[in-house]
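Student: Please take a close look at a single part of this model, beginning with one charged residue and its partners. I would then like to see how the surroundings of that part are built.

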Amino acid sequence: MAGAKSLTDRLKTARTVFEWACGAVLAAFTGLVLYSVAMRYFFNNPPMWGEDIPKLLFVWLSFVGGGLAYMLGYNIRMTSVVESMPRKVQVAVELAMRALTLAMLAVIVWYSIPIIELSMYRRVLATGLSDAWTYAALPIGAVLLAANEVVRMWLAVLGEHTDDDSSLHSGM
């Protein structure tokens, strides 16, 4: 189907962008930690932000990188029981499972909002950044996961292969 092919191509493009973004954040995290350690132990002059910025990058990398890993299919799934069922039942189970996942992600986003609102006015002393930047990674990661679930549900409705197979990977 042309619509599913276009959707799969867009999904591959989005995944490639996220792969590069996660790689850049990982490189920045590694560089900043190495710089901070070198300044602390070799020059006895650690930067004030030496713990705060890497911690922020690590949190973002964890949630966005986790979403990317899930999009790429690097998660554990037990499918042997479902695969033994007729195709229509498989699709129904798949849609139900993904709908439950969407509900869980909606709860995560819903309960994250007050935490972000409360942390907006607290500042990290070394950088002046709001604490909300740290807490915002969770709902953003949840929204990325939800977008993946919606795409997978749409592909299942179209009758496309929704398992996380290598045809949807961008080369990893």
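**A charged residue and its surroundings**

Tutor: Arg98 counts as buried because its relative accessibility is 2%; buried means under 20% relative accessible area, exposed means over 50%, and partly exposed lies in between, with a 1.4 Å probe and protein chains only. The model is predicted, so local features need pLDDT of at least 70 and side-chain atom pairs count only at pLDDT 80 or more, whereas totals for chains, interfaces and linings use all residues. Residues are numbered from 1 along each chain as its sequence is written, and side-chain values use heavy atoms, with hydrogens and water left out.

Arg98 forms a salt bridge with Glu94, their closest N and O atoms being 2.6 Å apart. A salt bridge here is a side-chain nitrogen of Lys or Arg within 4 Å of a carboxyl oxygen of Asp or Glu. Both partners lie in helix H4 (residues 87-119), 4 residues apart, which is about one turn of the helix. Helices are DSSP runs (H or I, at least four residues), as strands are (E, at least two), and are numbered from the N terminus. Glu94, like Arg98, is buried.

Arg98 also has a salt bridge to Glu149, with the closest N and O atoms 3.0 Å apart. This pair links distant parts of the chain, since Arg98 is in H4 and Glu149 is in helix H6, 51 residues apart. Glu149 counts as buried because its relative accessibility is 0%. Glu94, Arg98 and Glu149 are thus linked in a network of salt bridges.

Helix H6 deserves attention in its own right. At 1.5 Å a residue, its 22 residues should span 32 Å, and its end C-alpha atoms are 32 Å apart, which agrees; the expected span is 1.5 Å times one less than the number of residues. After H6 comes Gly159, whose phi is positive, near 85 degrees.

H6 also takes part in the nonpolar interior. The largest nonpolar core has 13 residues, and among those with the most contacts inside it are Trp60, Ile116, Ala137 and Cys22. Such a core is a set of buried Ala, Val, Leu, Ile, Met, Phe, Trp, Tyr and Cys residues joined through side-chain atoms within 4.5 Å. Helix H2 (52-71) and helix H6 (137-158) each supply at least two of its residues, and H2 gives the largest share, 6 residues. Cys22 touches Leu61, Val64, Gly65 and Leu68, leaving aside residues up to four places away in sequence; contact means heavy atoms within 4.5 Å.

For contrast, consider a salt bridge outside this network. The structure holds 4 salt bridges. One of them joins Arg40 to Glu51, with the closest N and O atoms 3.9 Å apart. It links distant parts of the chain: Arg40 is in helix H1 and Glu51 in the loop between H1 and H2, 11 residues apart. Arg40 counts as partly exposed because its relative accessibility is 28%, whereas Glu51 is exposed, with a relative accessible area of 60%.

Helix H1 (residues 2-41) also holds Val37, which counts as partly exposed because its relative accessibility is 36%. Leu34, likewise placed in H1, counts as exposed because its relative accessibility is 58%. Leu34 and Gly50 are 16 residues apart in sequence and 9.7 Å apart in space, C-alpha to C-alpha.
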